[in-house]
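Take a look at the model below. Then follow the text through it, one step at a time.

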Amino acid sequence: MISVGSIVEGKVVSVMPFGAFVDIGNKQSGLVHISEISSRYVKDINECVKKGDVVKVKVIKIDESGKISLSIKQAVDEKREKTKKSAPVSKGPVRPANIDWGMSSSDSLSFEDKLSKFKQDSDEKMQTLRRNNDSKRSGGYSRKSGHSF
C-alpha cells in the first residue's frame, strides 16, 4: 500500500495537455499535474514525458475518493537532496571556470536593491527603444510623398 511521501516507480499510461497519468502498480494510478512535471516551466508536456516512459514519482496527495496526486519534480528534488547529503562536503564551490552559473555580484543584494536595479535597467532599455523608434519615424520612408498608386 502506498502512502503520501513515498517515492515509487511508475509507467506513463497516458498524456493529456494538463498532466500525465502514471500506473504505479497494485492496480493504482495517479495524475502528475503539468506543474509537477519539472521545476522549470513546461509549455508542452509532450516534450517532457511520453506514453510508456518509466518515471520516479512522489505521492503528494491521496484524497477522500482515492485519487492520487503525484510529482516527478519532487521525486527528483528529493533524490538530489539525498545525493547532496551523502556527498563529501567541499570547502567552497567547485565549478569549471568556463561555465556561467548565473551568479553575479547582484546575488548578495537585497530584494529591494535587485528590484531597483531591474527597474533602472528596464527604464534605460525603454529609453533606448523609444530613441530608436523616434529616429525611424523622423527619417527614411514617408507615406506623405504625394505619389498616388
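How many aromatic pairs does a search of the whole structure find? The search finds one. Keep in mind that this is a predicted model. The aromatic pair is made by F18 and F21. Two values describe such a pair in general: the distance of the ring centres and the angle of the planes. Here the centres lie 6.3 Å apart, and the planes stand at 90°. An angle over 60 degrees counts as edge-to-face, and that is the label for F18 and F21.

Are these two rings buried or exposed? The answer lies between the two words for F18, which is partly exposed at 39% relative accessibility. F21 is partly exposed as well, with a relative accessible area of 28%. Buried would need a value under 20%, so F21 at 28% does not count as buried.

Stay with F21 for a moment. F21 sits in strand 2. Its contacts, leaving out residues up to four places away in sequence, are K11, V12, V13, S14, M16, G30 and L31. Pick K11 from that list. K11 and F21 are ten residues apart in sequence, and their C-alpha atoms are 8.5 Å apart in space.

Now step back to the strands. Five strands form a closed barrel. Go around the barrel and the order is 1-2-3-5-4, with mixed pairing. From one strand to the next, the twist averages 50°.

Look at two of the pairings. Strand 1 and strand 4 run antiparallel and are joined by five bridges. One place to find this pairing is G10, whose bridge partner in strand 4 is V55. Strand 4 also pairs with strand 5, again in the antiparallel sense, over four bridges. Two positions help you trace this second pairing. K61 stands opposite S69 in strand 5. K58 stands opposite S71 in strand 5.

Strand 4 and strand 5 make a hairpin, with five residues between the strands. Find G66 in this hairpin: it takes a positive phi near 95°.

Next comes the core. In soluble globular proteins, nonpolar side chains tend to be buried together. In this model the largest nonpolar core has 18 residues. Which of them touch the most other members? They are V22, I24, V32, I37, V57, L70 and I72. Four elements give two or more residues to this core: strand 1 (7-16), strand 2 (19-25), strand 4 (54-62) and strand 5 (68-71).

Take I72 as an example. Leave out residues up to four places away in sequence, and I72 touches V32, E36, I37, V49, V55, K56 and V57. Among these, V32, I37 and V57 were also in the list of core residues that touch the most other members. V55 you have met too, as the bridge partner of G10.

K56 leads on to charged side chains. Side chains of opposite charge can pair when their charged atoms come close. How many salt bridges does the structure hold? It holds three. One of them joins K56 and E9, at 3.8 Å from N to O. This pair links distant parts of the chain, with K56 in strand 4 and E9 in strand 1, 47 residues apart. K56 is partly exposed, with a relative accessible area of 44%. E9 reaches 51%. The limit for exposed is over 50%, so E9 counts as exposed.

Now move along the chain to helix 2, residues 111-138. A salt bridge joins D121 and K117, at 3.4 Å from N to O. Both residues lie in helix 2, four residues apart, about one turn of the helix. D121 is partly exposed with a relative accessible area of 29%, and K117 is partly exposed at 40%.

K119 and D123 also meet in a salt bridge, at 3.2 Å from N to O. They too lie in helix 2, and because they are four residues apart, about one helical turn separates them. D123 counts as partly exposed, at 36% relative accessibility.

Technical notes
Residues numbered from 1 in each chain as written. Predicted model: local features only at pLDDT ≥ 70, side-chain atom pairs only at ≥ 80, totals over all residues. Heavy atoms only, no water. Core = buried A, V, L, I, M, F, W, Y, C linked by side-chain atoms within 4.5 Å. Buried < 20%, exposed > 50% of the residue type's maximum accessible area, 1.4 Å probe, protein only. Contact = heavy atoms within 4.5 Å. Pairing = 2+ DSSP bridges. Axes fitted to C-alpha atoms, helices over the stretch in contact; angles between N-to-C directions. Phe/Tyr/Trp six-rings, centres within 6.5 Å; stacked < 30°, edge-to-face > 60°. Salt bridge = Lys/Arg side-chain N within 4 Å of Asp/Glu carboxyl O.
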